[in-house]
Structures are given as structure tokens and as C-alpha cells.
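Me: Please take a close look at a single part of this model, the stretch that runs between two neighbouring assignments, and describe its charged side chains with some care.

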Amino acid sequence: MGYTVKNLINSNKFPGLQLISDNSGINREIRGVQIIAMPDMEKFLGGGELLLTSLMVYEKLDERMMLSHLEELNKKQVSGFVVKRIQNTAHQNKLFETLLLFCNEHSIPVLEIPQDFSYWSIIKYLLLQIFNIEIAKAVYSKMTRDEFNRLFPEETSEYRSLEKLFDRTGMILSNPIALYDEDFHYMYSSISGESDFIIADDYEKYVPNIISRYEYMRQKRKNVEYIRKINILNQCTYYLVVSEVNEPLRELDFITLDSLMPLLLYILTQIVTDKNMEKKYHRDLEYRLLNGSLSESEEDDVANLLKLGVTEDYRVITCYLKPENYKDNFTAFQRKKMEDIEKAILDIVPKECAYCNINQVICIHKENRKEGKQDLRKKLEEFQRIIQDQLKEEKTKYEFLIGVGNKVKGYHNLKESFADSKIAIEYIDVVRKIVGDINKTVVDCSKLGFFYIFANIKDKKKLITYIPDTVHEIHQYDIQKNGELIDTLECYLNHKQSIRKTSELMGVHARTVSYRLQKIVKLTGMDFDNIAEMLAVRNGIIILKILELL
């Protein structure tokens with residue numbers, strides 16, 4: 001004789017488990033265990049099973065139909081019933097009365113467990129009593145997969161599905177299970193009151209003693225925790241965490257987690273895909289708001305969606321990954337790196353106002369009165385340095401540039417700030433020459449002065465009219481003689497008319513600089529002491545650089 005109902009009663013493993021029928025059938029052998037998941041469960045039984053039920057599956061049946069199913073179960077020689085009363089209604093009480101009368105008549109034992117008791121504790125215990133461990137694992141794997149698959153009617157939303165999935169998994173494990181995002185913030189749990197968690201430095205790798213594709217991190221904080229890192233589409237990372245609060249996790253519990261994983265991955269993939277679609281939709285709307293392709297009423301609608309105001313001050317920040325070779329533009333590496341930059345810049349701007357557009361990240365920065373311009377610039381310069389250092393470590397030939405548009409009031413004027421930020425990047429080489437810093441990578445359009453005015457003039461003929469004749473003459477001389485008078489003059493003016501500094505920066509002798517300056521005076525009659533003339537000359541040199549880019 002194998003394991004019987006009497007053995008189960010006498011095991012004292014389950015407080016509150018009691019026999020409510022007569023004891024005439026307690027010597028029946030238990031040859032399996034199943035939860036009654038549907039009225040015609042008899043079709044799926046092999047015979048001799050102990051059946052677990054709240055009778056809710058028979059809720060819509062009358063007494064005659066229920067007795068018909070009980071007759072079929074009796075033909076399968078079920079070993080007994082374990083029942084749980086969930087509702088105390090007249091109909092529910094009638095169902096229990098019908099079951100009890102039928103079972104007493106046919107010497108089928110009926111056991112009752114408390115309402116808050118999990119069937120799964122009984123299932124795990126019985127499988128290990130009636131089968132060897134390998135068969136128990138196989139049977140339990142099918143049972144848990146069937147249980148999870150029953151949770152999802154097609155119309156159920158992904159978020160609701162996750163809640164149901166975690167509730168059911170926590171019940172099966174008899175331990176809390178939770179999901180955290182990549183920043184370790186709590187998302188879902190089988191219990192309430194979960195807090196954020198950390199991964200300890202001394203965690204260890206854990207591989208359960210089952211056939212599985214999954215391994216875990218194991219750590220001890222208040223309780224032992226098993227952590228599974230989940231990567232979805234190489235875009236989002238989640239952490240599944242099971243805590244040994246009530247009892248240690250055993251082999252069958254890891255089979256539960258194995259059964260859970262395919263559904264969890266499917267739901268998380270749906271959620272990430274939906275978020276990506278929503279994000280793309282928001283990106284498209286934001287870009288249209290910035291490039292000025294929306295009507296005024298459409299701008300109002302988009303601003304409401306993006307939570308932008310009419311009276312607030314904004315700046316548009318454009319981040320660009322400039323390749324050394326144009327062939328490296330729009331590559332997979334550039335796209336992936338820009339996605340990383342988009343995530344990293346969220347420390348400076350809200351996520352709703354930053355998005356990656358192929359080879360650039362565009363951000364809408366809301367001005368904070370407590371944060372001065374210098375604070376923002378320092379943050380951006382530090383951010384640029386970190387990204388550039390990463391690029392050097394990766395040995396890639398990209399330069400990370402940041403353009404900051406002028407401050408504008410309200411979202412209707414964002415297009416102007418966006419255009420400014422693009423100008424700052426487009427003319428980066430000219431700006432570097434103007435300010436005398438060949439390594440400048442963060443350009444604030446509000447500090448460009450006359451350059452900003454000239455850069456907005458796209459008519460070459462009109463731009464040329466702003467170049468003084470003296471600058472024209474020097475430029476023509478350089479072309480004819482392959483000279484460096486313009487470069488010498490520019491460096492000289494950029495460094496407070498210091499011959500020594502100019503010679504150092506250009507790598508020539510001071511006498512050479514003096515000779516070139518004398519040549520300029522001889523050619524043009526230029527007066528270096530005339531402030532107005534020097535301003536016009538500086539502007540003329542700026543225009544020359546702009547014309548080279550047009």
C-alpha cells in the first residue's frame with residue numbers, strides 16, 4: 001500500500017487540516033494530486049488523485065449537473081477531496097452539502113483546510129511522498145505551467161496580468177516575490193509594503209538543482225534573497241527577487257520560477273514594446289514642436305502632453321556624436337551610444353523632455369531660478385567630459401558635442417532655441433577659432449554675440465558686405481602667396497594683441513609674428529589701436545569662417 005489519505009491526516013504537516021466526512025475511505029491510496037480547475041475535470045485525470053477544490057468551478061451548475069460530474073470522478077477512483085470554503089452563501093453551502101452526502105455514500109474522504117491556506121503547500125508535500133524526486137519535478141512543472149497559463153484571458157491588460165501573476169506566484173511559493181526596475185525601484189510584489197532593494201557586494205551565484213536555463217544571485221540581508229536579472233530587448237533591465245520570509249526555497253520552488261519566466265518575459269516584452277511605441281509617438285510630436293511644423297493649436301496640445309508651460313523659461317540642448325569620418329555617421333554603434341547618452345542625461349533633464357533622434361539627443365531644459373547659467377554649463381561640461389572619456393576608453397573616433405540654445409519664454413518659442421542649439425554645433429570649428437579654444441565642446445549660443453547674428457544670414461553676398469576691405473585684402477594675399485596673415489591676425493586679436501602669446505600658440509618665432517603684423521599694416525594701413533576698426537576686423541574674420549561652411 002502506498003501513501004494514503006490516513007497518512008496525510010496523521011502527518012500533522014498542515015495545521016487546520018481536518019476530516020469532515022466519515023472515516024470509511026481514509027485508507028484510499030493517493031496516486032496523484034490535482035486542483036479542480038474546470039467542471040469536467042474527470043477528463044484530465046488518470047485515476048486515484050486527491051482533488052483540491054473550493055467548489056467555485058461548480059458555482060453555475062445545479063445539483064443534478066454537479067452530481068453527474070461527481071459520478072464521473074468516482075469512476076476515476078479519486079482518493080478524496082480537500083476543500084476550502086471561500087464564500088459563505090446559501091448556494092455554496094448547498095454545494096458542500098451535496099459533495100459531503102455523495103462522498104459519505106461512496107466512502108470518499110473529504111478533508112477541509114482553512115480559507116487562507118494554500119493548496120500548493122499540500123501539492124508539493126504530496127508529490128514528494130508519492131513519487132520519486134525526478135517524477136515529482138516533471139509533474140509539478142506541468143502543474144505550475146498550467147496554473148500560470150490559466151491566468152491570462154486575451155483581453156487582460158499586461159499590467160493587470162503582472163499583478164495576477166505575482167499574486168499567484170507568491171501564493172504558490174509561500175514566500176514574497178517582487179519585481180524591480182533597473183534602478184532597483186519597486187514595481188510589483190505579491191505582498192504590500194515592499195521597499196527598494198540593493199544587490200550586496202558579497203552576493204554569490206546560485207544554480208538550482210533542476211534542469212533550467214536560469215541562474216540566480218543569492219544574498220543574505222534580513223532574509224535570504226534569490227535574484228534573477230532580466231534583460232528585455234537589450235533596452236530595459238528588471239530584477240526578479242524572491243525572499244525566504246516564511247520558508248526556505250526548495251527544488252520545486254525553482255521549478256515554479258522556471259514556469260513563471262516565459263510568461264513574465266512575454267508580458268515584460270509587451271510592456272517595453274508598448275512603451276517604445278508611446279515614446280516614439282512622443283518623440284515625433286516633440287520634434288515637430290521643436291522644428292516648427294505644428295500649428296499653434298497643435299503646439300498647445302503637444303505641450304499639454306509633454307507638460308510644458310506658456311510662462312516658463314526654457315532652453316533646448318542638443319547633444320551630437322560627431323564622427324571623425326562621415327562614413328561612421330548613422331552606424332549601429334553611434335545609435336546605441338546615443339541611446340546610452342539619452343539615459344545618462346536624465347540626471348540633468350526630466351525623461352519626458354529628452355529623446356534620442358538617431359545621431360543626436362535633444363533635451364528641453366526648464367530654467368530653474370535657483371540654478372544659474374553657470375551651474376547648468378558646469379553640469380553639461382562635466383557630462384560631456386564623462387561621455388568623451390568613455391569614447392576614448394572604447395577607442396572610437398567620435399567627438400561628443402553639446403549645443404545650448406538661447407533662453408526662450410514658453411513652449412511656442414522652443415523652435416527658436418532649438419535652431420540656436422543646432423547653430424552652436426554646426427559652427428563648432430568657427431567658434432573654437434573665435435574663442436581660441438580648439439577643445440571647446442559645449443557651446444552656449446547666448447554667448448556668441450555677433451557670430452550668432454552672422455550665422456543666421458544664409459545669403460553669401462549679403463555676408464560678404466559685412467567684411468571690411470582690409471580683411472578682404474589680407475585674405476586675397478594669403479590665397480596668392482599661400483600665407484598665414486589671417487590666422488596670425490586672428491590669433492593676435494584673440495590674445496589681447498600679445499606677440500609672445502601668438503608666437504607660442506602658432507609655434508613660430510616672435511620676430512616672424514612681428515614681421516607678419518608689419519606686412520598687414522603695410523598692405524592695409526590697419527590701426528591696431530583703433531577699437532572700432534578692430535571690432536570690424538574681428539567680425540570680418542568670423543564671417544570668413546562662416547562662408548567656408550556655406
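Reply: In this predicted model, the centres of domain 2 and domain 3, taken over C-alpha atoms, are separated by 39 Å. The domain assignment places domain 2 at 143–275 and domain 3 at 292–456, while helix 7 covers residues 251–291.

Within helix 7, aspartate 253 forms a salt bridge with lysine 124, and the closest N and O atoms of that pair are 2.8 Å apart. Because lysine 124 belongs to helix 4 (residues 119–130), this contact ties together parts that lie 129 residues apart in sequence, and both lysine 124 and aspartate 253 are buried.

Further along helix 7 comes asparagine 276, which counts as partly exposed at 30% relative accessibility; its C-alpha is 9.6 Å from that of glutamine 235, although 41 residues separate asparagine 276 and glutamine 235 in sequence.

A second salt bridge of this helix joins lysine 280 to aspartate 284, with 3.3 Å between the closest N and O atoms. Lysine 280 and aspartate 284 are about one helical turn apart, because four residues separate them in helix 7. Lysine 280 is partly exposed, with a relative accessible area of 48%, and aspartate 284 is likewise partly exposed, at 38%.

Beyond this helix, Glu296, Glu298, Asp300 and Asp301 gather on the surface in a patch of negative charge. Aspartate 301 lies in helix 8 (residues 296–306) and counts as exposed, its relative accessibility being 56%.

Methods
Residues numbered from 1 in each chain as written. Predicted model: local features only at pLDDT ≥ 70, side-chain atom pairs only at ≥ 80, totals over all residues. Heavy atoms only, no water. Patch = residues over 30% accessible without salt bridge, like charges linked within 9 Å, V, L, I, M, F, W, Y side chains within 5 Å. Areas by Shrake-Rupley, 256 points an atom, 1.4 Å probe, with all protein chains shown as cover. Salt bridge = Lys/Arg side-chain N within 4 Å of Asp/Glu carboxyl O. Lys, Arg positive; Asp, Glu negative; His and termini not counted. Charge placed at Lys NZ, Arg CZ, Asp CG, Glu CD. Helix = DSSP H or I, 4+ residues; strand = E, 2+ residues; numbered from the N terminus. Buried < 20%, exposed > 50% of the residue type's maximum accessible area, 1.4 Å probe, protein only. Domains from an automatic or database assignment.
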